Each structure stands twice: as C-alpha cells, then as structure tokens.
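Trainee: Please choose a single part of this predicted model and look at it closely with me, explaining each term as you go. Afterwards I would like to see how that part fits into the rest of the chain.

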Amino acid sequence: MISFLLALAAAPQVAGPVDSADNRYKACIAQVRTAPQQAVEKAEAWLRAGGGIRAGQCLGLAYSAVERWPDAALAFEAAAREANAKQDRRRGDLWVQSGNSWLAAGEAAKARIAFDSALATNLLTDELKGEVYVDRSRAAAALGDKDSARTDLDKGLELVPGDPFAWYLSAALARQEGNLPKAQEHIAKAVSLAPDDAAILLEAGNIAGASGEIEAAKGLYARAVRRAPESEAGRAARAALAANGEAAPQ
C-alpha cells in the first residue's frame, strides 16, 4: 500500500489555467481518495473514450486504492507503453508504478521487468532511481537471486541513504548472507532513522539473537510489541518472546 500512497502524494496539483484533460485528471485523483470504487468506474469509462495516458494512470491509482494489484499493474503498464510510443516523459514514473503494483500482487518477475524498463528511460530523479533499486532488490530477493538483490540494495543505499526501509532490507539480507557485522551496522542505521517502526525493531531483535545477544533481542522484541501489538511484526515479536520464555508487554 505504500507505493499507492506515494503515488497519490506525488500526483501533480494543477494550478492556473488548465485544459479539460487536466481538470478531469485532477477530479479523478480526488475521487480516488474519497470514493475509489467510483473512481475505477469513471476512469474505465474515460479510458474507453480515449482518455489516454492520464486516464490510464488514474485507473491504475484507482485499482490500487481497492487493492486490485494485477489490474493496477496492467493499467500502469499500458499507460507506460503509450507514453513510450509518444516519448512522453511520464513513462519512467508509470513503469515504476507498474513495478510496485506487480510487487504488491506477488509477481516478482514481472515487477523486475517493469523496474528495468523504468531505469532504462533515464528519466528518473536520483531519489526515485534509488527507490527503484531498493524495490528491484525486493523483487530479486523474492526470486531467490540474492546476488542481484545485494547489488541493487547497495546502489539504492548510495542514492537514498535516508531511507530506513532500505537499511532494514539490507540488514535482513546481510543476516541471511551470514554477514552479521554488516547486519548489525545496517539495522542500527535503520533503527536510528525509524526508532518506532515495529518491523525494523523485529529485525533488530532477530539480528541481536543471531549474534548471541539474547537480552538485547528480548528488549527489541518487547519494543516491537509495544509499538504495534496487532501488526504482523508485533505478532511475530510476541511469538519470539514466547519462544524465549518471556511474556509480551501489555
């Protein structure tokens, strides 16, 4: 869901005189936020009527809002292909949105292809390029390609060093690689950037436990439970505490 929220936040805000397509796109984005199912229906009709790239992008966002991830990915991909044909500069962003939707749909191979297409446009800002490398690393990891995942993560960290999620992913991968010193260093960076994130605290506990620091691990698991007791990370931390004979904090 993160990618969808970021896409909405990044949607252009139109100011001054605009043409009807701009107005329609702005109205569509507003409806995605307030009535996403209605936005799906309107965007579908707009696309059928020849709405082009703007209609396709808004349809992808509307599908994302109702978590129809494969449909969202295909809508963004179709818009990206049209943008490619027209040499429209939006094609890079559209390929990124398609890739993130394929990731959300659990289609890592398709996500990686979309991210490859986004990077090939050479139109992404350095920050967005960094996030794409991070997301492409997630796709590679899901496909069992740890070498590519590490290469992409290292590239991503160079471009977005302030992203705690990137450091978290790098730490988790380092733990899987058996590189505990690197895992400790990178998870410490993630915790410093997002000290209240339950998923990051859970991984910090996992790394501490793997390093033999059992009491530190218990403390980190307890923090994760306190921060988000009903989240997936919070429940995993609770289970980890139970496995270590500790009661979870109330």
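Mentor: Start with helix α2 (residues 20-34) and helix α4 (residues 52-65), whose axes come within 10 Å and cross at roughly 5 degrees. Because of that angle, α2 counts as roughly parallel to α4 (under 35 degrees is roughly parallel, over 145 roughly antiparallel, 65 to 115 roughly perpendicular, and the rest oblique). The axes are lines fitted to C-alpha atoms, for helices over the stretch in contact, with angles from 0 to 180 degrees between N-to-C directions, and the helices are DSSP runs of H or I with at least four residues, just as strands are runs of E with at least two, numbered from the N terminus.

As you read on, keep in mind that this is a predicted model, in which local features need pLDDT of at least 70 and side-chain atom pairs count only at pLDDT 80 or more, while totals for chains, interfaces and linings use all residues. Residues are numbered from 1 along each chain as its sequence is written, and side-chain values use heavy atoms, leaving out hydrogens and water.

On the α2 side of this pair you will find A21, D22, Y25, C28, I29 and V32, and these meet R54, Q57, C58, L61, A62 and A65 of α4 (contact means heavy atoms within 4.5 Å). Sorted by type, the residues where α2 touches α4 are nine nonpolar, one polar and two charged (Ala, Val, Leu, Ile, Met, Phe, Trp, Tyr, Cys and Pro are nonpolar, Asp, Glu, Lys and Arg charged, and the others, Gly among them, polar).

From here the picture widens, since V32 and C58, which take part in that contact, are named again, together with L94, as the residues with the most contacts inside the largest nonpolar core, which has 38 residues. Such a core is a set of buried Ala, Val, Leu, Ile, Met, Phe, Trp, Tyr and Cys residues joined through side-chain atoms within 4.5 Å, where buried means under 20% relative accessible area, exposed over 50% and partly exposed in between, with a 1.4 Å probe and protein chains only. The elements that give two or more residues to this core are α2, α3 (36-48), α4, α5 (69-85), α6 (91-104), α7 (108-120) and α8 (126-142), and among these α4 gives the most, with eight residues. A second, separate core has 37 residues, including I187, A190, A208 and A217.

One of these elements, α5, also holds A73, which is buried, because its relative accessible area is 0%. Apart from neighbours within four places in sequence, A73 is in contact with S98, S101 and W102. By contrast, E213 lies 43 Å from A73, C-alpha to C-alpha, with their positions 140 residues apart in sequence.

The loops beside α5 offer another detail, for E67, in the loop between α4 and α5, has a phi near 60 degrees, a positive value in a residue other than glycine. E67 is exposed, because its relative accessible area is 51%. Q87, in the loop between α5 and α6, likewise has a positive phi, of about 55 degrees, although it is not a glycine, and with 55% relative accessibility Q87 counts as exposed.

Farther along the chain, turn to helix α10 (residues 164-177), which has 14 residues and reaches 20 Å from its first C-alpha to its last. Its buried residues are A166, W167, Y168, L169, S170, A171, A172, L173 and A174, and they pack against α8, α9 (146-159), α11 (180-193) and α12. F165, also in α10, is instead partly exposed, with a relative accessible area of 35%. F165 and D147 are 18 residues apart in sequence and 19 Å apart in space, C-alpha to C-alpha.

Helix α12 (residues 198-210) contains E203, a residue that is buried, because its relative accessible area is 5%. Leaving out residues up to four places away in sequence, E203 touches Y168, A171, A172, R175 and I187, and I187 is one of the residues of the second core.

Stepping back to the protein chain as a whole, you can count 14 helices and zero strands. Of its 250 residues, 46% count as buried, and the C-alpha trace spans about 60 × 40 × 30 Å along its principal axes. Among contacts between residues at least 6 apart in sequence, 48% join residues at least 24 apart.

Conventions
Expected span 1.5 Å × (residues − 1).
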